[in-house]
Amino acid sequence: MKRFFNLYAALITFFALLIGGCTDPNAVIDQNTEIVNNNWAYDNKIKYSVKIDDINASYNLYLNLRVTADYKYSNLFVLIHQVNPDKKAAAVRYEFTLASKDGEWYGDGSGNIYSYQLPFVAKYKFPAAGVYQFEIEQNMRDNPLHEISDVGLRVEKADR
C-alpha cells in the first residue's frame with residue numbers, strides 16, 4: 001500500500017510540474033474565443049483586457065486565428081481597436097496572408113483546421129501602465145465571414 005501511495009504522489013508531482021512548466025512566462029495574455037457556427041459577423045467583436053505593469057519592456061502582439069480548410073479566401077482583413085488606460089482610442093486595419101497564390105495554407109494544419117499566430121506589432125512600448133482594451137473586428141466584405149473557428153490575442157514580452 002505504501003508503494004502505491006509513493007507512486008501516486010510521484011505521478012501527481014510529475015503532472016503538476018508538467019502543467020506548470022507549460023505556461024509561457026513571457027505571455028501577458030494568450031487567449032482565443034470560439035466563433036459560433038464558424039460564422040464571424042461584423043457585430044461580433046472579440047474583446048480582451050490586457051493589464052500592462054512594465055512600461056519599460058517591449059511587447060509583441062499577435063492575432064491568433066483558426067480557420068477551416070473551407071475558408072474561401074487566402075487573406076483576412078481585421079480592424080484592431082485599442083483603448084489605453086487614459087481612454088485614448090485608436091483603430092488600425094491589418095491584412096494577413098493565410099495561403100500562397102497556389103492555395104497552400106501557411107498555418108499549422110490539424111485535420112480540417114489551420115492555426116495561425118500572426119504578428120501585427122513588434123517591439124511595442126505601451127505608453128502607460130494599466131489595463132488596455134483590445135477589440136478585434138472582421139473587416140472582409142462577407143457578413144458573416146464563414147469558416148472562422150477561433151479568434152484570439154497574444155501579447156508577450158519581446159526578447160531584449
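Six bridges join strand E5 to strand E9, and the two strands run antiparallel. The model described here is predicted. The protein has one helix and 11 strands, and along the sequence the helix comes ahead of the strands, in the pattern α-β-β-β-β-β-β-β-β-β-β-β. The points below start with strand E5 and its partners, then turn to the salt bridges, the loop between E3 and E4, and the protein as a whole.

**Strand E5 and its partners**

- Strand E5 covers residues 75-83, while strand E9 covers residues 130-138.
- Where E5 meets E9, Leu79 stands opposite Glu137 of E9.
- E5 also pairs with strand E6, which is made up of residues 89-97.
- The pairing of E5 with E6 is antiparallel and runs over nine bridges.
- One of the residues joined to E6 is Gln82, whose bridge partner there is Ala90.
- E5 and E6 form a hairpin, with five residues between the two strands.
- In the turn of this hairpin, Lys87 has a positive phi of about 75 degrees.

**Asn75 in strand E5**

- Asn75 is a residue of strand E5.
- Is Asn75 buried or exposed? Asn75 is buried, because its relative accessible area of 16% is under the 20% cut-off.
- The side chain of Asn75 makes a polar contact with the side chain of Glu95, at 2.8 Å.
- Leaving out residues up to four places away in sequence, Asn75 touches Glu95, Phe96, Thr97, Leu98 and Met140.

**Salt bridges**

- How many salt bridges does the structure hold? The structure holds eight salt bridges.
- One of them joins the side chains of Lys47 and Glu135, with an N to O distance of 3.8 Å.
- This pair links distant parts of the chain, since Lys47 is in strand E3 and Glu135 is in strand E9, 88 residues apart.
- Lys47 is exposed, because its relative accessible area of 57% is over the 50% cut-off.
- Glu135 is partly exposed, with a relative accessible area of 22%.
- Lys51 forms a salt bridge with Asp53, and the closest N and O atoms of this pair are 3.0 Å apart.
- Both Lys51 and Asp53 are exposed.
- The side chains of Asp142 and Lys72 meet in another salt bridge, at 3.6 Å from N to O.
- Asp142 lies in the loop between E9 and strand E10 (145-146), and Lys72 lies in the loop between E4 and E5, so this salt bridge ties together parts that are 70 residues apart in sequence.
- Lys72 counts as exposed, at 63% relative accessibility.
- Asp24, Asp30, Arg154 and Glu156 are joined into one network by salt bridges that share partners.

**The loop between E3 and E4**

- Asp54 is found in the loop between strand E3 (46-52) and strand E4 (59-68).
- Asp54 counts as partly exposed because its relative accessibility is 22%, which lies between the cut-offs of 20% and 50%.
- Which side chain does the side chain of Asp54 make a polar contact with? The partner is the side chain of Lys157, at 3.3 Å.
- Asp54 and Lys125 are 71 residues apart along the chain, and their C-alpha atoms are separated by 9.4 Å.
- Ile55 is found in the loop between E3 and E4 as well.
- The relative accessible area of Ile55 is 35%, and Ile55 is partly exposed.
- Leaving aside neighbours within four places in sequence, Ile55 is in contact with Lys125, Phe126, Ala128 and Ala129.
- For Ile55 and Ala129, which are 74 residues apart along the chain, the C-alpha atoms are separated by 6.0 Å.

**The protein as a whole**

- The protein has 160 residues, and buried residues make up 36% of them.
- Among contacts between residues at least 6 apart in sequence, 78% join residues at least 24 apart.
- The protein exposes about 10,100 Å², of which carbon and sulfur atoms supply 53%.

Definitions and conventions. Residues are numbered from 1 along each chain as its sequence is written. This is a predicted model: local features need pLDDT of at least 70, side-chain atom pairs count only at pLDDT 80 or more; totals for chains, interfaces and linings use all residues. Side-chain values use heavy atoms; hydrogens and water are left out. Helices (H or I, at least four residues) and strands (E, at least two) are DSSP runs, numbered from the N terminus. Buried means under 20% relative accessible area, exposed over 50%, partly exposed in between (1.4 Å probe, protein chains only). A polar contact is a pair of N or O atoms within 3.5 Å; within protein, one must be able to donate a hydrogen and the other to accept it, and residues adjacent in sequence count only if both atoms are side-chain atoms. Contact means heavy atoms within 4.5 Å. Accessible areas come from the Shrake-Rupley method with a 1.4 Å probe; for residues, only the protein chains shown count as cover. A salt bridge is a side-chain nitrogen of Lys or Arg within 4 Å of a carboxyl oxygen of Asp or Glu. Two strands pair if DSSP finds at least two bridges between them.
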